[in-house]
Structure formats: structure tokens, C-alpha cells
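Here is an informal tour of a protein model, to be read with the structure open beside it. The stops are the overall build, the aromatic rings, a helix and a handful of single residues.

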Amino acid sequence: PKLLMFELLFLGTSASAPSVHRGLSAHLLTVENSHYRFLIDCGEGTQRQILRSGIGFKRLNRVLITHSHLDHILGLAGLFSTLLRWEELSEFEIYGSRYALDRVHQLIYGIVLHGEPPPVPVHLIDLKEGMFFEDDLFTVSAFPVSHRGPGCLGYVFQEKPRRRFRQETATALGVPFGPERARLVRGEAVTLTDGRVIYPNDVLDAEVPGARYIHTGDIGRVEPILSHVQGATALVIEATYLEEDALLADQFGHMTAARAAHFAHQAGVEALILTHISRRSRERDILAEAQAIFPNTYVARDFDRFSDRKSVV
């Protein structure tokens, strides 16, 4: 699936416990052409997955937590300890609900730091529903998710609308390379040396909606999040169970592959990526169940990447 400016790297795709081929939940989102990287959840063994992936530890100072269950946060202890030793961090930010952050606080301050003050500022940022991060290119928002226990969150990465700059038109109009073109891209008119005024609409295409990437985390009911997911470029959602185990899915607040696919169809998303795969299920069965309903479905494996340049599955 094409996510335009967002590149996704799956570091852990297993449910509840690691398997031979899948680590626990962790997933890195990189914003292309910027210095931003967001680690979404940090299950046990995430730092080893980072080493195996070759992406390195630089700029890994923002972590988004979907919920407080240990299979989504336990790797924070080792990762934080490693970052403090290896990287020159100015600060470390962990985002999540108050319920998740209370457990993270115990892990970081009680286990890793063991009562000592952190060597760099550690910010535990309590999220409510709505936008909490904004850059010139994109925003990040949180929304509530129904799973087991309070304070479960999903995340929306929204690219801001874009207007393509028509280089050939600007050249024909005599706009020089340099600050004049940059000002036009920013939406400002420029006056050329011969007195002509060039307006942004003269050289910019019509506005194109930006990509929107949704990550739900663990989730048992999808109806309440439809408005957040509608028309998304890509939806990453769990598929812990097959439909034959729907009663277990209900009992533990999880999705089946079929339910996730029905929801993707209902929401009109472009691509569906399934993760949080149980050891009790075969990948090909999950894929077949979902693709029968929503053909543009992928089952993510550890170290799969999804971006505008390529999809590796």
C-alpha cells in the first residue's frame, strides 16, 4: 500500500507472546523528508529487533503507547536503558493514556532508574482524544479504543493537504530559482524584477488530500472508531483470531480477520494491514479469510516495510 510520506516498519507482529518468527508488538513510523520517527508500542525484545532491522537508535525518542498490557510496553525498560548509554538524547517522550503511563512510570523509574533521577528529561505525556502533535507536514491524533481495561488508544497520522508546484510553468513565467519559488510554495505572491506579480494559483496545482494512516492497537469493537478510520490510506489493525474463534475474540476483546476485513470495507480504506498474529493461527488462513472480504489485505511479518516507494510482504 502507498502511504506517501509515511513509511512503516513492523518490528514485532505477534499477539501476547513471541513466536519463533514474530516478536512482540512494536512498529516504527518514519515521516519521510523530516527528522521525525515514532515508535508505536515497545514489546519485549524491541531493541534487538531494531538492531536486526538496521535502522539504528538515532532519533528514537518518541514512543506512542496504545495501552498498558505488558506485551506492548515491557521492551521500554531495555530500550530506554540502551538509549541512555549509546545515544545523546536531549529528552525522551512517551505518549499514552494515564492508565498506560502509570505502568510505564513504574517500569522506567522503579526498574530502570531504581529511584535515581533520569540523566535526561523524561516526559510522560497524558493523552486525551484529539490532536497532540503538529508539524508543517502532518499531524498526529489519538482516539479511544475498546479493548480490555481503560485507557486504550489508537492513533491517526494525517498528512496535510498538498499542492504540486509546476516547475515548468514557473520557468515559463520567468520565476527565478531560489526564495521566490519557496515563497510561492508557501502560498505567498511574489513580484518579479519586471514588476509582474505571480500568485500561488499561477504555479500550484489544485489541493490534494494528504495520506492518512491509522493504527488501532488491540481492539475488540470497531463501530465506535468508524469516523476516525473512514477513507484512510491504510489501516493497521489486529487479527488475533480467525472467525472460527469468534467467541474467544469476544471474550478477550480482540478482532478476527473477517471482522477486520468487513470493517475495512465499511470504512472505505485503501489498504488493510493485519498484525498481532496469534501462534494458534496460520498466516495463510488469516490472509485468505480477510482477502475473501477485502482483497487489498496484507498480513504483516516482522521487518516488513510499507511505503510509497515499495511494499515488502
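## Ground rules and overall build

Helices here are DSSP runs of H or I with at least four residues, numbered from the N terminus. Keep in mind that this is a predicted model. With that naming in place, the count for the protein comes to 11 helices and 17 strands. Its radius of gyration is 22 Å, close to the 20 Å that the globule rule gives for 313 residues, so the protein is as compact as a globular protein of that length. Laid along the principal axes, the C-alpha atoms fill a box of roughly 70 × 55 × 35 Å.

Of the 313 residues, 52% are buried. If you take the contacts between residues at least 6 apart in sequence, 62% of them join residues at least 24 apart. On the outside, the protein exposes about 14,400 Å², and carbon and sulfur atoms supply 52% of that area. As for charge, there are 33 positive and 38 negative ones, and the mean positions of the two sets are 4 Å apart.

## Aromatic rings

A pair of aromatic rings is described by the distance of the centres and the angle of the planes. The structure holds 16 aromatic pairs. Take Y36 and F38: their ring centres are 6.4 Å apart and their planes sit at 20 degrees, under the 30 degree cut-off, so this pair is stacked. Both Y36 and F38 are buried. F132 and Y155 make an edge-to-face pair instead, with 6.0 Å centre to centre and 75 degrees between the planes.

What does the F132 and Y155 pair tie together? F132 lies in strand β7 (residues 130-134) and Y155 in strand β9 (residues 153-159), so the pair links parts that are 23 residues apart in sequence. The two partners fall in separate burial classes: F132 has 21% relative accessibility and counts as partly exposed, while Y155 is buried at 0%. For F132 the cut-off matters, because buried means under 20%.

There is also a cluster to pick out on screen. F6, Y36, F38, F133, F138, F157 and Y213 form one aromatic cluster, and the stacked Y36 and F38 belong to that cluster.

## Helix α10 and its surroundings

Which residues of helix α10 are buried? In this helix (residues 257-267), they are A257, A258, A260, A261, F263, A264 and A267. An α-helix has 3.6 residues a turn, so residues three or four places apart point the same way. Cover for the buried residues of α10 includes α8 (226-229), β13 (234-238), β14 (271-275) and α11 (283-291).

H262 is also in α10, but it is partly exposed, with a relative accessible area of 48%. Measure across the model in your viewer and you should find H262 and S34 35 Å apart, C-alpha to C-alpha, with their positions 228 residues apart in sequence. Just after the helix comes G268, which takes a positive phi of about 70 degrees.

## Positive phi away from glycine

Most residues other than glycine have a negative phi. Two residues to check against that are S16 and D41. S16 is not a glycine, yet has a positive phi of about 70 degrees; look for S16 in the loop between β1 (6-12) and β2 (26-31). D41, again not a glycine, has a positive phi of about 65 degrees. D41 sits in strand β3 (residues 37-42) and counts as buried at 2% relative accessibility.

## Two loop residues

Is A211 buried or exposed? At 2% relative accessibility, A211 counts as buried. A211 lies in the loop between α7 (200-203) and β12 (212-215). A211 and R162 are 49 residues apart in sequence, with their C-alpha atoms 9.8 Å apart in space.

On the far side of β12 in sequence, E223 lies in the loop between β12 and α8. E223 counts as exposed, at 55% relative accessibility. From E223 to S146 is 9.7 Å in space, C-alpha to C-alpha, and 77 residues in sequence.

How values were computed: Residues are numbered from 1 along each chain as its sequence is written. This is a predicted model: local features need pLDDT of at least 70, side-chain atom pairs count only at pLDDT 80 or more; totals for chains, interfaces and linings use all residues. Side-chain values use heavy atoms; hydrogens and water are left out. The radius of gyration is taken over C-alpha atoms; the globule rule is 2.2 Å times the number of residues to the power 0.38. Buried means under 20% relative accessible area, exposed over 50%, partly exposed in between (1.4 Å probe, protein chains only). Contact means heavy atoms within 4.5 Å. Accessible areas come from the Shrake-Rupley method with a 1.4 Å probe; for residues, only the protein chains shown count as cover. Lys and Arg count as positive and Asp and Glu as negative; His and the chain ends are not counted. The place of a charge is taken as NZ of Lys, CZ of Arg, CG of Asp or CD of Glu. Rings of Phe, Tyr and Trp (its six-membered ring) pair if their centres lie within 6.5 Å; planes under 30 degrees apart count as stacked, over 60 as edge-to-face and the rest as tilted.
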